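Reader: I would like to learn how to read a model with two things in mind, overall form and contacts between chains. Where should we start?

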Amino acid sequence: MNILAGVAELRHRDQVWSFMQEDVPVDISHQVILYVEGLNLSFDGFKALNDLNLYINDGELRCLIGANGAGKTTLMDVITGKTQCDSGSVYFGQSHNLLTRDEAQIAQLGIGRKFQKPTVFEALSVFDNLELSLKSNKSVLATLFAKLSTEQSDRILQVLETIGLKAQSAMLAGSLSHGQKQWLEIGMLLVSDPRLLLIDEPVAGMTAEEGERTAELLTSLAGERTVIVVEHDMEFVRSIARTVTVLHQGSVLAEGSMDQIQNNQAVIDVYLGEGQ
Amino acid sequence: MISLNNFLSAKSSSNSASKGAVLPFVMLLFVATLLCALGNALFEAGSLFYVSTYTITLLGKYLCYALLALAVDIIWGYCGILSLGHGAFFALGGYAMGMYLMRQIGDRGVYGNAQLPDFMVFLDWQQLPWYWQGFDQFWFALVMVALIPGLLAFVFGWLAFRSRVTGVYLSIMTQALTYALLLAFFRNEMGFGGNNGLTDFKDILGFSLQADSTRIGLLIVTAVMVAIALLASQMILKSRMGKVIIAIRDTEARARFLGYRTDKYKVWLFVYSAIIAAVAGALYVPQVGIINPGEFSPLNSIEIVVWVAIGGRGTLVGAIVGALLVNYAKTRFTAIMPEVWLFALGGLFVLVTLFLPKGLVGLVADLKLKYQRSTTDQQQGLNL
């Protein structure tokens, strides 16, 4: 059946054949890199995502804010393939449907993710952590015979410099401090050269100074790459954000610049209403 | 300069535990095997240097167990997959070898039937079942030793790892797998000798299994296989693939989000491990002289895990040391106080889990590190 469908597909010369789509570049001719439309997801009746629509432009730095349970992390889970949604669509560029792919395929498309809790490979050295994150052939056989090229090790050294862990290069990642692990995880994203970065609470557990450096790094990334940041720390959001999206009960409540958001009546109602 | 020093010392401390020890260990293994072989071949009974044939066979058996422990260590210690059913792959490899040895008996069996093994004549079977065809060829048996357990591991692993079964559930499934095979092989209709299994072997490749020289040969082959498996495993685990495997053990989700198909890595590592276990089984059978369904017993598989835990999981050499030590202790203890042995083994397991999470090899590495630290401290003290 599958083969027949494949053969039949060959007749349509005007279309891109699905079996060749592996190498299709991300189509951003409309400036939008991520389309999230009509996303619904409920856990045992609780609507985690409720008809959520979100468009992210290429090269944008977007902040997602919202109270606990607003659906921020769930949204990231759906985009990266960890969780299946009930209905809706998620497209990376115009041609890549993310809902039909698993985590590994989505990662190979160039979508990197940083978890809420710093997640690094504790039993491997900092250098090895970065080596595994390199953009490379990730099949079993290829990794068995993989050799680190000079370009690759230069790239790793460059990232080590950026994240300030050069001296800790050979240390086990497990022996790093909390803040250093956060940085290592960001470094793992950088070294993989992603198109889109999803970053969940990057400054949790960091000192003010470290937070500032993180803000600098993320702002410098935008433009070349697209960055979506989920963060609770409003000070941090103000320091980096150009556009802010407020999520509330699984859908978008408001979107705009930080000033617009702060003066938005709906946002004030929801947040002040909850506070009282 | 300081950073360079940190770099070097951290590197050596993280690697010394597992990686540095393999080559010296292989050397030691070869020297010991050779000495035992010479002791048996050159000296008469009563001489100080004489090694009895019984000891040679016993050592061969221990090395087979060591190989089996290595197989479990590879997937448990490095990938976090606790298999409580590795005895199944060991026994399947053993059965494949046993079938070849059975066919080698020819008409020297009790019934003198050149076509059928004794138990088939006894069951009044008229012809050899289709799945016994080809086992009169040694090469065919060797292929089957690797192929059948490898295939089983592939199918099992593919189903389990693709469905993301992990932890206790996976362990229970592996236990069920070996138990199911135990029940199946007990049945006479299966055509593997039922309860009695396969035994009464005469020779292998034309060499009599009773001859001292054959026993020595088997011991040497086993030692060589242990060395090959050790070096191959070290190579795999040192490659980038090995790092991915450790990454999967630590946080599988993270590895997936980096773009690795973790299920595939786990399946192939599981197959590799199963084949090593099967080779161990195939070497075990000619030395012990029997293979029966008892080898599938869930208890056996659990015992392997205890060897690895005691030796030190995640250290290739540790698994081998653990298997050798525990089995030597078992031989000794069961001769003196058979009823105490199981309690002693259980107690040992509890003690090791509580106080030596890294096993004996981990303990040695820790002590070494402490010693190094104290000497460098002293040196620094002198410099000041």
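Author: What follows takes chain B, then its contacts with chain A, then a sheet. This is a predicted model, in which local features need pLDDT of at least 70, side-chain atom pairs count only at pLDDT 80 or more, and totals for chains, interfaces and linings use all residues. Residues are numbered from 1 along each chain as its sequence is written, and chains are lettered from A and ligands numbered from 1 in the order in which they are written.

Reader: How many helices and strands does chain B have?

Author: Helices (H or I, at least four residues) and strands (E, at least two) are DSSP runs, numbered from the N terminus. Chain B has 15 helices and 4 strands.

Reader: How many residues of chain B are in contact with chain A?

Author: Contact means that the C-beta atoms of two residues, placed from the backbone, lie within 7 Å. By that test, 26 residues of chain B touch 27 residues of chain A. On the chain B side, α9(B) gives the most, with 7 residues.

Reader: In what order do the strands of the open sheet in chain A run?

Author: Strands pair if DSSP finds at least two bridges between them. In chain A, 4 strands form an open sheet, β2-β1-β4-β5, with antiparallel pairing. β2 (46–57) and β5 (96–97) of chain A are at the edges with a single partner strand each, so one side of each has no neighbour in the sheet. β4 (residues 87–92) of chain A pairs with β5(A) over 2 bridges, and Phe92(A) stands opposite His96(A).
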